[in-house]
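Here is a short guided look at how the strands of this protein sit together. Please keep the 3D view open as you read.

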Amino acid sequence: MSEERPFEPVSDGPRVIVVGVDGSETSLRAGAYAWGLARRSGARLILVQVTPMTTISTLTAGGAAIMRETAEELAEELRAELRRVAEQMPGVRYEVVLEHGDAVTVLARIADEVKADAVVVGASAKAGHRFVGSVAIRLVRAGRWPVTVVP
């Protein structure tokens with residue numbers, strides 16, 4: 001039999017959490033879950049919003065500029081909402097990252113760069129993801145961090 005360890009009154013939870021947010025209902029729930037987890041464990045929270053490059057690259061130059069501007073406006077709305085939340089529930093160190101590209105590639109790169117202990121994403125509601133794989137499934141397959149999928 002193994003020896004029982006004494007109780008340690010320190011947090012063994014995540015120290016750095018990366019969460020993907022895209023404005024969808026499930027990603028907002030993932031953000032709220034990650035916020036609470038970060039608050040309870042004293043973790044640093046990195047909120048990542050990724051605009052798919054395929055969306056931008058298929059547009060005309062003017063359309064691409066509008067898409068970039070819209071993504072930046074959404075990111076600013078997210079930052080403003082987070083400032084409001086932070087005032088009501090202080091104690092979470094967070095930052096918002098806006099990137100363009102493939103969501104899985106960007107989330108994985110950022111999680112590796114910040115040495116994330118956990119990655120949180122919302123479940124996909126898109127039917128096509130059953131065939132090509134959702135962001136969550138692809139992150140789990142990468143196998144480098146625990147991934148929590150919030151419905």
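Strands E4 (residues 118-122) and E5 (147-150) are a good place to begin: four bridges join them, and they run parallel. Strands count as paired here if DSSP finds at least two bridges between them. Within this pair, Val120 stands opposite Thr148 of E5. The names follow DSSP runs numbered from the N terminus, with helices (H or I) of at least four residues and strands (E) of at least two.

A word on the source: this is a predicted model, in which local features need pLDDT of at least 70 and side-chain atom pairs count only at pLDDT 80 or more, while totals for chains, interfaces and linings use all residues. Residues are numbered from 1 along each chain as its sequence is written, and side-chain values use heavy atoms, with hydrogens and water left out.

**The sheet**

E4 and E5 belong to an open sheet of five strands, ordered E3-E2-E1-E4-E5, with parallel pairing. E3 (93-100) and E5 are its edge strands, each pairing on one side only. From one strand to the next, the twist averages 20 degrees (axes are lines fitted to C-alpha atoms, for helices over the stretch in contact, and angles run from 0 to 180 degrees between N-to-C directions). Helix H4 (residues 103-113) packs on this sheet and touches E1, E2, E3 and E4 (contact means heavy atoms within 4.5 Å). The direction of H4 makes about 155 degrees with that of E2.

Three of the parallel pairings can be set side by side:

| Strand pair | Bridges | Facing residues |
|---|---|---|
| E1 and E2 | five | Val19 and Leu47 |
| E1 and E4 | three | Val18 and Val119 |
| E4 and E5 | four | Val120 and Thr148 |

**Strand E1 and its surroundings**

Why is strand E1 largely enclosed by the rest of the structure? Five of the five residues of E1 (residues 16-20) are buried, so the strand is largely enclosed (buried means under 20% relative accessible area, exposed over 50%, partly exposed in between, with a 1.4 Å probe and protein chains only). Val16, Val18 and Gly20 point one way from E1, Ile17 and Val19 point the other way, and all are buried.

E1 also joins helix H1 (residues 25-41) and E2 in a right-handed β-α-β unit. Right-handed means that, with the strands pointing away from the viewer, the path from the first strand over the helix to the second runs clockwise. Ser41 lies in H1 and, at 9% relative accessibility, counts as buried. Its side chain reaches the backbone oxygen of Pro14 at 3.2 Å.

Conventions:
A polar contact is a pair of N or O atoms within 3.5 Å; within protein, one must be able to donate a hydrogen and the other to accept it, and residues adjacent in sequence count only if both atoms are side-chain atoms.
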